[in-house]
Amino acid sequence: MDSDSEIAALAGMINEARRAVVFTGAGISTESGIPDFRSPGGIWTQMAPIYFDDFLASEAARRETWRRRFAMEEAFAAAEPNRGHRAVDALVRRGTVASVITQNIDGLHQASGIPPEKVIELHGNTTYATCLDCGTRHELADIRIAFERDDKAPRCRRCHGFVKTATISFGQAMPQGEMRRAEIATLAADLFLVLGSSLVVYPAAGFPELAKRNGAVLAIVNREPTGLDELADLVIHHGIGDTLGAAVGVN
Ligand SMILES: [Zn+2]
(Lines give C-alpha, C1' and ligand atoms only; values in the text may rest on other atoms or scores of the structure.)
Protein backbone atom coordinates (compact mmCIF):
# COMPACT_ATOMS: atom_id res chain seq x y z
CA MET A 1 0.00 0.00 0.00
CA ASP A 2 1.16 3.56 -0.60
CA SER A 3 1.15 6.07 2.19
CA ASP A 4 -2.22 7.64 1.34
CA SER A 5 -3.88 4.22 1.20
CA GLU A 6 -2.39 3.28 4.57
CA ILE A 7 -3.70 6.48 6.14
CA ALA A 8 -7.13 5.93 4.58
CA ALA A 9 -7.20 2.36 5.92
CA LEU A 10 -6.28 3.57 9.41
CA ALA A 11 -8.90 6.35 9.24
CA GLY A 12 -11.50 3.77 8.26
CA MET A 13 -10.67 1.55 11.24
CA ILE A 14 -10.83 4.55 13.59
CA ASN A 15 -14.19 5.66 12.18
CA GLU A 16 -15.61 2.18 12.74
CA ALA A 17 -14.37 2.01 16.34
CA ARG A 18 -16.62 2.67 19.32
CA ARG A 19 -14.28 1.87 22.21
CA ALA A 20 -10.74 1.97 20.95
CA VAL A 21 -7.66 1.62 23.14
CA VAL A 22 -4.40 3.35 22.24
CA PHE A 23 -1.13 1.73 23.38
CA THR A 24 1.98 3.94 23.16
CA GLY A 25 5.70 3.30 23.45
CA ALA A 26 8.89 5.29 23.09
CA GLY A 27 8.32 6.03 19.40
CA ILE A 28 5.63 8.61 20.09
CA SER A 29 7.85 10.47 22.56
CA THR A 30 11.01 10.47 20.44
CA GLU A 31 9.02 12.77 18.12
CA SER A 32 9.00 15.20 21.08
CA GLY A 33 12.77 14.88 21.58
CA ILE A 34 12.69 12.36 24.45
CA PRO A 35 15.47 9.79 24.01
CA ASP A 36 14.50 6.14 23.63
CA PHE A 37 16.30 4.75 26.66
CA ARG A 38 16.03 1.10 25.71
CA SER A 39 16.99 1.34 22.03
CA PRO A 40 20.45 0.31 20.78
CA GLY A 41 22.73 3.21 21.69
CA GLY A 42 20.13 4.49 24.17
CA ILE A 43 21.09 5.58 27.66
CA TRP A 44 20.26 2.25 29.26
CA THR A 45 22.55 0.38 26.89
CA GLN A 46 25.48 2.70 27.68
CA MET A 47 25.16 2.62 31.47
CA ALA A 48 24.43 -0.42 33.57
CA PRO A 49 20.88 -0.12 34.89
CA ILE A 50 20.43 0.29 38.63
CA TYR A 51 18.18 -2.46 39.90
CA PHE A 52 15.49 -1.81 42.45
CA ASP A 53 17.13 -3.99 45.11
CA ASP A 54 20.35 -1.98 44.76
CA PHE A 55 18.41 1.26 45.14
CA LEU A 56 16.96 -0.07 48.40
CA ALA A 57 20.29 -1.41 49.66
CA SER A 58 22.77 1.34 48.85
CA GLU A 59 22.94 5.09 49.43
CA ALA A 60 25.51 5.27 46.62
CA ALA A 61 23.05 3.59 44.21
CA ARG A 62 20.30 6.00 45.27
CA ARG A 63 22.58 9.00 44.72
CA GLU A 64 23.62 7.67 41.30
CA THR A 65 19.96 7.11 40.36
CA TRP A 66 19.15 10.73 41.21
CA ARG A 67 22.29 12.05 39.51
CA ARG A 68 21.24 10.28 36.28
CA ARG A 69 17.66 11.55 36.61
CA PHE A 70 18.74 15.16 36.94
CA ALA A 71 21.16 14.74 34.02
CA MET A 72 18.10 13.95 31.87
CA GLU A 73 15.96 16.74 33.26
CA GLU A 74 16.59 19.15 30.41
CA ALA A 75 15.30 16.65 27.83
CA PHE A 76 12.19 15.94 29.90
CA ALA A 77 11.52 19.55 30.86
CA ALA A 78 11.82 20.80 27.27
CA ALA A 79 9.58 18.11 25.76
CA GLU A 80 6.10 19.07 24.65
CA PRO A 81 3.28 16.97 23.21
CA ASN A 82 3.64 16.51 19.44
CA ARG A 83 1.15 15.93 16.61
CA GLY A 84 0.76 12.27 17.55
CA HIS A 85 -0.13 13.14 21.16
CA ARG A 86 -2.59 15.78 19.90
CA ALA A 87 -4.24 13.26 17.57
CA VAL A 88 -4.68 10.78 20.44
CA ASP A 89 -6.12 13.55 22.61
CA ALA A 90 -8.59 14.42 19.82
CA LEU A 91 -9.75 10.78 19.69
CA VAL A 92 -10.27 10.76 23.47
CA ARG A 93 -12.30 13.99 23.24
CA ARG A 94 -14.45 12.52 20.45
CA GLY A 95 -15.18 9.52 22.63
CA THR A 96 -13.55 7.09 20.18
CA VAL A 97 -10.70 6.21 22.54
CA ALA A 98 -11.66 5.06 26.02
CA SER A 99 -8.18 4.55 27.48
CA VAL A 100 -4.53 5.18 26.66
CA ILE A 101 -2.10 2.53 27.90
CA THR A 102 1.49 3.78 27.82
CA GLN A 103 4.97 2.43 28.39
CA ASN A 104 6.24 6.01 28.55
CA ILE A 105 7.14 7.78 31.77
CA ASP A 106 7.14 11.38 30.51
CA GLY A 107 3.55 12.45 31.23
CA LEU A 108 3.12 13.87 27.72
CA HIS A 109 -0.35 12.34 27.21
CA GLN A 110 -1.62 14.20 30.26
CA ALA A 111 0.22 17.32 29.08
CA SER A 112 -1.66 17.06 25.76
CA GLY A 113 -4.95 17.38 27.65
CA ILE A 114 -6.05 13.78 28.27
CA PRO A 115 -7.59 13.41 31.74
CA PRO A 116 -5.14 11.52 34.00
CA GLU A 117 -7.74 8.86 34.83
CA LYS A 118 -7.80 7.81 31.15
CA VAL A 119 -4.02 7.26 31.01
CA ILE A 120 -2.69 3.91 32.29
CA GLU A 121 1.07 4.19 32.95
CA LEU A 122 2.60 0.69 32.94
CA HIS A 123 6.09 1.96 33.81
CA GLY A 124 5.07 4.84 36.04
CA ASN A 125 5.92 8.53 35.70
CA THR A 126 9.27 10.27 36.02
CA THR A 127 7.95 13.83 36.29
CA TYR A 128 7.42 13.50 40.06
CA ALA A 129 8.59 11.29 42.91
CA THR A 130 6.94 9.31 45.68
CA CYS A 131 7.99 7.89 49.04
CA LEU A 132 8.43 4.12 48.75
CA ASP A 133 7.04 3.66 52.29
CA CYS A 134 4.07 6.04 52.65
CA GLY A 135 3.43 7.14 49.06
CA THR A 136 3.68 10.88 49.73
CA ARG A 137 4.30 12.79 46.53
CA HIS A 138 7.49 14.86 46.27
CA GLU A 139 8.32 17.40 43.54
CA LEU A 140 11.56 17.04 41.60
CA ALA A 141 12.47 20.73 41.78
CA ASP A 142 12.52 20.59 45.60
CA ILE A 143 14.50 17.35 45.62
CA ARG A 144 17.05 18.77 43.20
CA ILE A 145 17.78 21.83 45.33
CA ALA A 146 18.43 19.68 48.41
CA PHE A 147 20.37 17.05 46.43
CA GLU A 148 22.73 19.58 44.91
CA ARG A 149 23.22 21.27 48.26
CA ASP A 150 23.73 18.18 50.46
CA ASP A 151 24.79 15.44 47.97
CA LYS A 152 22.44 13.02 49.75
CA ALA A 153 19.65 10.93 48.31
CA PRO A 154 16.30 12.43 49.35
CA ARG A 155 14.25 11.08 52.26
CA CYS A 156 10.52 11.52 52.84
CA ARG A 157 9.59 14.64 54.78
CA ARG A 158 6.81 12.69 56.53
CA CYS A 159 8.28 9.27 57.33
CA HIS A 160 11.98 9.43 56.34
CA GLY A 161 11.45 6.64 53.78
CA PHE A 162 13.35 6.47 50.51
CA VAL A 163 12.04 8.78 47.79
CA LYS A 164 12.19 7.65 44.15
CA THR A 165 10.74 8.88 40.88
CA ALA A 166 7.31 7.34 40.39
CA THR A 167 8.66 4.93 37.78
CA ILE A 168 9.04 1.16 37.67
CA SER A 169 12.75 0.33 37.91
CA PHE A 170 14.56 -2.69 36.54
CA GLY A 171 13.88 -5.51 38.95
CA GLN A 172 10.77 -3.83 40.38
CA ALA A 173 7.38 -5.56 40.09
CA MET A 174 4.94 -4.25 37.52
CA PRO A 175 2.19 -2.15 39.18
CA GLN A 176 -0.72 -4.55 39.76
CA GLY A 177 -3.46 -1.91 39.70
CA GLU A 178 -2.29 -0.48 36.40
CA MET A 179 -1.81 -3.94 34.89
CA ARG A 180 -5.36 -4.88 35.89
CA ARG A 181 -6.82 -1.64 34.49
CA ALA A 182 -4.93 -2.18 31.24
CA GLU A 183 -6.29 -5.72 30.97
CA ILE A 184 -9.88 -4.57 31.55
CA ALA A 185 -9.51 -1.80 28.96
CA THR A 186 -7.95 -4.20 26.47
CA LEU A 187 -10.76 -6.74 26.85
CA ALA A 188 -13.33 -3.98 26.19
CA ALA A 189 -11.57 -2.68 23.06
CA ASP A 190 -12.94 -3.07 19.54
CA LEU A 191 -9.83 -1.40 18.06
CA PHE A 192 -6.37 -1.70 19.62
CA LEU A 193 -4.03 0.89 18.14
CA VAL A 194 -0.30 0.55 18.87
CA LEU A 195 1.80 3.69 18.39
CA GLY A 196 5.58 3.58 18.59
CA SER A 197 6.28 0.35 20.43
CA SER A 198 8.44 -2.49 19.13
CA LEU A 199 6.21 -4.86 21.15
CA VAL A 200 9.07 -6.97 22.42
CA VAL A 201 8.92 -6.10 26.15
CA TYR A 202 6.63 -8.39 28.11
CA PRO A 203 4.26 -8.26 29.88
CA ALA A 204 3.35 -5.02 28.06
CA ALA A 205 3.40 -6.62 24.61
CA GLY A 206 0.83 -9.14 25.79
CA PHE A 207 -1.97 -6.55 25.63
CA PRO A 208 -2.18 -6.29 21.82
CA GLU A 209 -2.12 -10.10 21.63
CA LEU A 210 -4.94 -10.27 24.17
CA ALA A 211 -6.96 -7.66 22.27
CA LYS A 212 -6.58 -9.52 18.99
CA ARG A 213 -7.48 -12.88 20.54
CA ASN A 214 -10.55 -11.21 22.02
CA GLY A 215 -11.77 -10.08 18.60
CA ALA A 216 -10.47 -6.51 18.40
CA VAL A 217 -9.00 -5.05 15.23
CA LEU A 218 -5.23 -4.57 15.73
CA ALA A 219 -3.41 -1.68 14.02
CA ILE A 220 0.27 -0.84 14.51
CA VAL A 221 2.10 2.37 13.58
CA ASN A 222 5.85 2.07 14.20
CA ARG A 223 8.89 3.11 12.18
CA GLU A 224 10.51 -0.32 12.52
CA PRO A 225 9.01 -3.80 12.24
CA THR A 226 7.53 -5.06 15.51
CA GLY A 227 7.18 -8.42 17.19
CA LEU A 228 3.47 -8.55 16.28
CA ASP A 229 3.36 -7.29 12.70
CA GLU A 230 2.19 -10.68 11.44
CA LEU A 231 -0.73 -10.68 13.86
CA ALA A 232 -1.95 -7.18 12.99
CA ASP A 233 -4.77 -6.21 10.62
CA LEU A 234 -2.86 -3.09 9.55
CA VAL A 235 0.83 -2.21 9.96
CA ILE A 236 2.26 1.18 8.96
CA HIS A 237 6.05 1.64 9.16
CA HIS A 238 6.08 5.41 9.28
CA GLY A 239 6.18 8.33 11.73
CA ILE A 240 3.29 8.55 14.19
CA GLY A 241 2.54 12.28 14.07
CA ASP A 242 2.31 12.37 10.27
CA THR A 243 0.34 9.14 10.04
CA LEU A 244 -2.17 9.49 12.87
CA GLY A 245 -2.43 13.27 12.45
CA ALA A 246 -3.49 12.80 8.84
CA ALA A 247 -5.85 9.91 9.68
CA VAL A 248 -7.56 11.91 12.42
CA GLY A 249 -7.37 15.35 10.79
CA VAL A 250 -5.19 16.97 13.47
CA ASN A 251 -2.18 19.19 12.79
ZN1 LIG B 1 7.07 8.63 53.45
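**Strands, helices and a zinc site**

Colleague: Is Arg-149 buried or exposed, and what is its relative accessible area?
Modeller: Arg-149 is exposed; buried means under 20% relative accessible area, exposed over 50%, and partly exposed in between, using a 1.4 Å probe and protein chains only. This is a predicted model, in which local features need pLDDT of at least 70 and side-chain atom pairs count only at pLDDT 80 or more, while totals for chains, interfaces and linings use all residues. Residues are numbered from 1 along each chain as its sequence is written, and side-chain values use heavy atoms, with hydrogens and water left out. The relative accessible area of Arg-149 is 61%.

Colleague: Which residue forms a salt bridge with Arg-149?
Modeller: A salt bridge requires a side-chain nitrogen of Lys or Arg within 4 Å of a carboxyl oxygen of Asp or Glu. In this pair the closest N and O atoms are 3.0 Å apart. The partner of Arg-149 is partly exposed, at 39%, and its name is Asp-150.

Colleague: Which residues are joined into one network by salt bridges that share partners?
Modeller: Side chains of opposite charge can pair when their charged atoms come close. Where such salt bridges share partners, they join three residues into one network: Glu-59, Arg-62 and Arg-63.

Colleague: What is the N to O distance in the salt bridge of Arg-62 and Glu-59?
Modeller: The two residues are 3 apart in helix α5, so about one helical turn separates them; helices are DSSP runs (H or I, at least four residues) and strands likewise (E, at least two), numbered from the N terminus. An α-helix has 3.6 residues a turn, so residues three or four places apart point the same way. Arg-62 is buried at 6%, whereas Glu-59 is partly exposed at 27%. Their side chains meet at an N to O distance of 3.5 Å.

Colleague: Which residue in helix α9 pairs with Arg-144 in a salt bridge?
Modeller: The partner lies 4 residues away in α9, about one helical turn. Arg-144 is partly exposed at 28%, while its partner is exposed at 55%. The closest N and O atoms are 2.9 Å apart, and the partner is Glu-148.

Colleague: In what order do the 3 strands of the open sheet stand?
Modeller: Two strands pair if DSSP finds at least two bridges between them, and the pairing in this sheet is antiparallel. The order is β5-β4-β6. Strands β5 (137–138) and β6 (163–167) each have a single partner strand, so one side of each is left without a neighbour in the sheet, and the strands at the edges are β5 and β6.

Colleague: What angle does helix α5 make with β6?
Modeller: Strand β4 (residues 124–131) pairs with β6 over 5 bridges, and Asn-125 stands opposite Ala-166 in β6. Helix α5 (residues 59–71) packs on this sheet and touches β4 and β6, a contact being heavy atoms within 4.5 Å. Axes are lines fitted to C-alpha atoms, for helices over the stretch in contact, and angles run from 0 to 180 degrees between N-to-C directions. The angle between α5 and β6 is about 50°.

Colleague: Which atoms are the protein donors of the zinc ion?
Modeller: Donors are N, O and S atoms within 2.8 Å of the metal (3.2 Å for Na, K and Ca), and sites may look incomplete because water is not among the atoms. The donors here lie 2.3 to 2.4 Å from the zinc ion and follow the spacing C-x2-C-x21-C-x2-C. One pair links distant parts of the chain, with Cys-134 in the loop between β4 and β5 and Cys-159 in the loop between α9 and β6, 25 residues apart. The donors are Cys-131 (SG), Cys-134 (SG), Cys-156 (SG) and Cys-159 (SG).

Colleague: What is the geometry of the site of the zinc ion?
Modeller: Four donors count as tetrahedral if all angles lie between 85 and 135 degrees; four count as square planar and six as octahedral if opposite donors are over 155 degrees apart and all others between 65 and 115; anything else is irregular. The 4 donor atoms here make angles of 98 to 116°, and the site is tetrahedral.

Colleague: How many residues of helix α12 are buried?
Modeller: Helix α12 (residues 240–248) is mostly covered. Its buried residues, including Ile-240 and Val-248, pack against elements among them α1 (3–16) and β9 (234–236). The number buried is 7 of its 9 residues.
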